[in-house]
Amino acid sequence: MAAVVPGPNVFGLVAMEAAFREGDDWLGQMLDYLDGNLKITMDYFAKRIPKIKVIKPQGTYLLWLDCRSLGMDNQALSTFMRAQARVGFDDGFLFGAAGSGFERMNIACPRSILLEALSASKKPSILYRQA
């Protein structure tokens, strides 16, 4: 623990000041990019995996996925997502009883990673609407 700095160092403070002074363009571009990721994700689930309902966030890049219609308990859902769907979401039950039956998905990533995570080639047929 001797090497752990308990607060920001001088480089962090300079970076924070630069972000506040000069970061408006970057922030606008990042918000637009995240909005695009949100639209892709919500559209994908609505069209391809309607059993899982995406809760639209109110100001973050973390999405809550309502998986209760899959009829799995918390452990079965967790195992299913990792072993069969091959995605590493945050288990909702870890956030309290209200999170039971939910998974949390982070969409603040490159779009290529998001599309890979949503890729139908990796997902079990139990989730997908039949064409």
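Where is the place of threonine 41? In this predicted model, threonine 41 sits in helix 2, which spans residues 24-48. Threonine 41 has a relative accessibility of 0% and is therefore classed as buried, the cut-off being under 20%. Beyond its neighbours within four places in sequence, threonine 41 contacts Leu63, Met105, Ile107, Leu114 and Leu118. Leucine 63 lies 22 residues from threonine 41 along the chain, and their C-alpha atoms are 9.4 Å apart.

Helix 2 also carries tyrosine 33. This residue is partly exposed, with a relative accessible area of 33%. Tyr33 belongs to a nonpolar surface patch. Trp26, Leu27, Met30 and Leu31 are the other members, and the patch covers about 490 Å².

The strands form an open sheet. Four strands are arranged in the order 1-2-4-3, and the pairing is antiparallel. Strand 1 (53-55) and strand 3 (90-91) are at the edges, each pairing on one side only. Strands of a sheet pair through backbone hydrogen bonds. Strand 1 and strand 2 (residues 62-66) run antiparallel and are joined by three bridges. Lysine 53 has aspartate 66, in strand 2, as its bridge partner.

Two helices lie across this sheet. Helix 2 crosses strand 1, strand 2 and strand 4 (102-106). Its direction makes an angle of about 5° with strand 2. Helix 3 (residues 74-84) lies across strand 3 and strand 4. The angle between helix 3 and strand 4 is about 35°.

Methods
Residues numbered from 1 in each chain as written. Predicted model: local features only at pLDDT ≥ 70, side-chain atom pairs only at ≥ 80, totals over all residues. Heavy atoms only, no water. Patch = residues over 30% accessible without salt bridge, like charges linked within 9 Å, V, L, I, M, F, W, Y side chains within 5 Å. Areas by Shrake-Rupley, 256 points an atom, 1.4 Å probe, with all protein chains shown as cover. Salt bridge = Lys/Arg side-chain N within 4 Å of Asp/Glu carboxyl O. Buried < 20%, exposed > 50% of the residue type's maximum accessible area, 1.4 Å probe, protein only. Pairing = 2+ DSSP bridges. Contact = heavy atoms within 4.5 Å. Axes fitted to C-alpha atoms, helices over the stretch in contact; angles between N-to-C directions.
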